[in-house]
Amino acid sequence: MARSRLRLITNRFGRDVDLIPHKTSAVGLAKKCIRGGLNLLDGIASVRPQPQGAVSWTEVDVSGWGEGDSSSISSREAESVRWIHGSPMRDIGICRVRMAEVCFFKPRPDESVNPLDRRAVVRVSPFRRVAYPGAPYLFSAWARNLRHGRKTVSRRCGRLRERVALLGNAGSDSCNYYHFWIDTVGDLLMLRDALPVDLQPDRFLVSYGAQPWQEQILEMVGIESRQLVRYADHERLRCDELLIPVRDKGALNITAGLVDRIRRSVSLPALDREPYRCLYISRGDSVRRPVRNEAAVQALVQRHGLEVKELSGITVIEQIGLFAAARLVVATHGAGLTNLMWCQEGTVVIELLPDLHRIPCFREICRQRKLEHRVIVCPQSGSENTALGAMEVPLHHLEEALKENGHSAMPSRVAACSLPARYAGTAGRTTE
């Protein structure tokens, strides 16, 4: 019973935290027990939202987002694909905190590749965090800071007197294209749909790395630069009124209907009614999960008539146009596949999935967008960090998948892609 209780209390992020694993080192077991104990104390001291009061809760119905979203996924993946699943959020709503204090914590050094990465913890007094569903823990964040020689919390504290919304915050990554669209923009849209005009936030706390594509997305969804408050610019902030959207976030669960809701929020460019492009999206420009045999993969897909593209340096509008014109997308698992939101229904997607990082986020985007999804599992032998470890694409499986989709190896790229006559001569060009 005690073990079950600890597992229940520590399960805040859609996954079980097993305090007594079957195989682990003594040091690992001690760390998990300490973390579990801290989280238990944190849970006891926390303040939970009530219907009324300084920490209040408003239930939100987002079922309108999911029109036509209940159909089963169009997927050809093998039954052997064992996805990492998370528990969906049972309570969806907005937590409103008056006189909230927001503390911004850096992740562990081995988890971050960007000095601007932060995660926010909301509290109402020094030892009492606000325990809305999915909220990160305070005591564990303190302990992590102490372990890595950082201050627990800065004494300096800024103040925002306007109504402020805390967007995203499902993780600490400040420059992730997927989390920016799905978590940050998704939260913004939830607030716009749920609150009347006079209760909309004036400012937005955003995990923001000042990337050009982030500026483009914020402009597309109507957030002005003067409204933006970056996590990394502060260690503590006091907000007279703080709004926290609570819903499924991160990579394990996506709010039903969110893909269509994002599409409706953006003024899309004129799209070709007949998709024709056959794309291989390379991660040669990324340090995470590089493909060991990338050169061989590119040679293979080019023999089968696919265009090789890297998304870095391409504007968001250009990425939208590129994916909207695609009838076949082959790509390794990575944030660039968020652009599958812009594909037209029926587009075929072949996801090259690292076998130690079987996260179903792009499978879910394909389901919501009614795309044909297939998986090729790629070994990550010897990888310790599943999010960063190199992978190798099994070329014979990829070639079989291409042939099944009508892409036999042939010298003419235009012939392999079966372009409509009006697109003759356009294969291989980057969308401008």
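Cys-343 is buried, with 0% relative accessible area (buried means under 20% relative accessible area, exposed over 50%, partly exposed in between, with a 1.4 Å probe and protein chains only). The model is predicted, so local features need pLDDT of at least 70 and side-chain atom pairs count only at pLDDT 80 or more, while totals for chains, interfaces and linings use all residues. Residues are numbered from 1 along each chain as its sequence is written, and side-chain values use heavy atoms, with hydrogens and water left out.

**Cysteines**
- A disulfide is a covalent bond between the sulfur atoms of two cysteines.
- The whole structure holds zero disulfides, where a disulfide is counted as a pair of cysteine sulfur atoms within 2.5 Å.
- For Cys-343, the closest cysteine sulfur is that of Cys-366, at 7.7 Å, which is too far for a bond.
- Cys-95 is also buried, at 0% relative accessibility.

**Salt bridges between distant parts of the sequence**
- The count is 18 salt bridges, each a side-chain nitrogen of Lys or Arg within 4 Å of a carboxyl oxygen of Asp or Glu.
- One of them joins Arg-96 and Glu-241, 2.9 Å from N to O.
- Arg-96 is in strand β2 (residues 93-105) and Glu-241 in strand β8 (residues 236-246), so this pair ties together parts 145 residues apart in sequence; strands (E, at least two residues) and helices (H or I, at least four) are DSSP runs, numbered from the N terminus.
- Arg-96 and Glu-241 are both buried.

**Other salt bridges**
- Arg-226 and Glu-224 meet at 2.8 Å, N to O.
- Arg-226 is exposed at 59% relative accessible area, whereas Glu-224 is partly exposed at 43%.
- A network of salt bridges links Glu-101, Arg-123, Arg-236 and Arg-238.
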